[in-house]
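Here's a walk through one protein chain, starting with a pair of packed helices and working outwards from there. Have the viewer open as you read.

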Amino acid sequence: MLTVLAVGCAPSGEDAPGLTPGDTIKAAQQQLTDTCLTRKGLTPPRPGDRPPSAAERQRVARALFGTGRTELALTLPTGHAVRAHTDGCLASAQRTLYGDQRRWFRVSTVVNNLKPEAAFREEPLTEIRDRHRSDLAEWRRLRTRALINAKAHLQSESRRAAAR
């Protein structure tokens, strides 16, 4: 996941050409996590940069993903357990964008694992999706909220940068 977050920000602004809703949310999340890491005195990783030391990578990972006991956990029907922290920069960005990190963690984990669940249960994906209809609806609702918040954040950052 650190690699995903290390990708450079896409153009900001509501009407940026070629920016999908997913890319808009990712760009805002990237800016939010970069700001958080910078506030902690860390350098956000970027592709092409000289690789940091192992100790620096560990400091960045801890700041980004959180530390200590995992506060969020969900065991999937496949038996796999997914866990996350609530104290890292990524968690903070998710709260800013989605509003409810715990709910986003739960529904996004379920929705992102529908295909593995179908394979595990040996059932058609359509049946699994139907079984998780309320999770899918909540996922869409939270994504819509995140997109609205991401656009507002990127526009605000764009105005701030233009004023500098």
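In this predicted model, let's begin where H2 and H4 touch: Ile25, Ala28, Gln29, Leu32, Thr33, Cys36 and Leu37 on the H2 side meet Cys89, Leu90, Ala93, Gln94, Thr96, Leu97 and Tyr98 on the H4 side. Sort the residues of that contact by type and you get 10 nonpolar, four polar and no charged. The two helices pack at an angle of about 135°, and their axes are 9 Å apart. H2 and H4 are therefore oblique to each other, and their crossing is right-handed.

**The disulfide**

Two residues in that contact, Cys36 of H2 and Cys89 of H4, deserve a second look. A disulfide joins cysteine 36 to cysteine 89, with an S to S distance of 2.1 Å. The pair ties together distant parts of the chain, since cysteine 36 sits in helix H2 (residues 21–39) and cysteine 89 in helix H4 (residues 89–98), 53 residues apart. Which hand does the disulfide have? The torsion about the S-S bond of cysteine 36 and cysteine 89 is about -70°, so the disulfide is left-handed. Are these two cysteines buried or exposed? Both cysteine 36 and cysteine 89 are buried. As for the count, it comes to one disulfide.

**A second helix pair**

Now swing over to helix H5 (residues 101–112) and helix H8 (residues 133–163), which pack at an angle of about 125° with their axes 9 Å apart. That makes H5 oblique to H8. The crossing of H5 and H8 is left-handed. From H5 come Arg103, Trp104, Arg106, Val107, Ser108, Val110 and Val111, and from H8 they meet Asp135, Leu136, Glu138, Trp139, Arg141, Leu142 and Arg143. By type, the residues of the contact of H5 with H8 are seven nonpolar, one polar and six charged.

Here are the two pairs together, if you'd like to set up the axes yourself:

| Helix pair | Angle | Axis separation |
|---|---|---|
| H2 and H4 | about 135° | 9 Å |
| H5 and H8 | about 125° | 9 Å |

**Three buried residues**

Back in helix H2, have a look at isoleucine 25. At 3% relative accessibility, isoleucine 25 counts as buried. What does isoleucine 25 touch, not counting residues up to four places away in sequence? Isoleucine 25 is in touch with Leu97, Tyr98, Arg143, Ala146, Leu147 and Ala150. The first two of those names, Leu97 and Tyr98, belong to the H4 side of the H2 contact, while Arg143 is on the H8 side of the contact with H5. Along the chain, isoleucine 25 and arginine 143 are 118 residues apart, yet their C-alpha atoms are separated by 8.5 Å.

Threonine 24 is also placed in helix H2. It counts as buried, at 3% relative accessibility. Leaving out neighbours within four places in sequence, the contacts of threonine 24 are Leu19, Leu147, Ala150, Lys151 and Leu154. Leu147 and Ala150 are among the residues that isoleucine 25 touches too.

Leucine 72 takes us to strand S1 (residues 72–75). With 5% relative accessibility, leucine 72 counts as buried. Beyond its neighbours within four places in sequence, leucine 72 is in contact with Val82, Arg83, Ala84, His85, Thr86, Gln101, Arg102 and Phe105. One of these, arginine 102, is 30 residues away from leucine 72 in sequence and 6.9 Å away in space, C-alpha to C-alpha.

**A positive phi in a loop**

Most residues other than glycine have a negative phi. Glutamate 122 goes the other way: its phi is near 55°, a positive value in a residue other than glycine. You'll find glutamate 122 in the loop between helix H6 (114–121) and helix H7 (125–131). Is glutamate 122 buried or exposed? Glutamate 122 is exposed, with a relative accessible area of 75%.

**The whole chain**

Time to zoom out. The chain's secondary structure comes to eight helices and two strands. Read from the N terminus, the elements run α-α-α-β-β-α-α-α-α-α. The chain has 164 residues, of which 38% count as buried. How many of the contacts between residues at least 6 apart in sequence join residues at least 24 apart? In this chain, 58% of them do.

Key: Residues numbered from 1 in each chain as written. Predicted model: local features only at pLDDT ≥ 70, side-chain atom pairs only at ≥ 80, totals over all residues. Heavy atoms only, no water. Axes fitted to C-alpha atoms, helices over the stretch in contact; angles between N-to-C directions. Helix = DSSP H or I, 4+ residues; strand = E, 2+ residues; numbered from the N terminus. Parallel < 35°, antiparallel > 145°, perpendicular 65-115°, else oblique. Left-handed = near helix turned anticlockwise from the far one by under 90°. Contact = heavy atoms within 4.5 Å. Nonpolar A, V, L, I, M, F, W, Y, C, P; charged D, E, K, R; others polar. Buried < 20%, exposed > 50% of the residue type's maximum accessible area, 1.4 Å probe, protein only. Disulfide = S-S within 2.5 Å.
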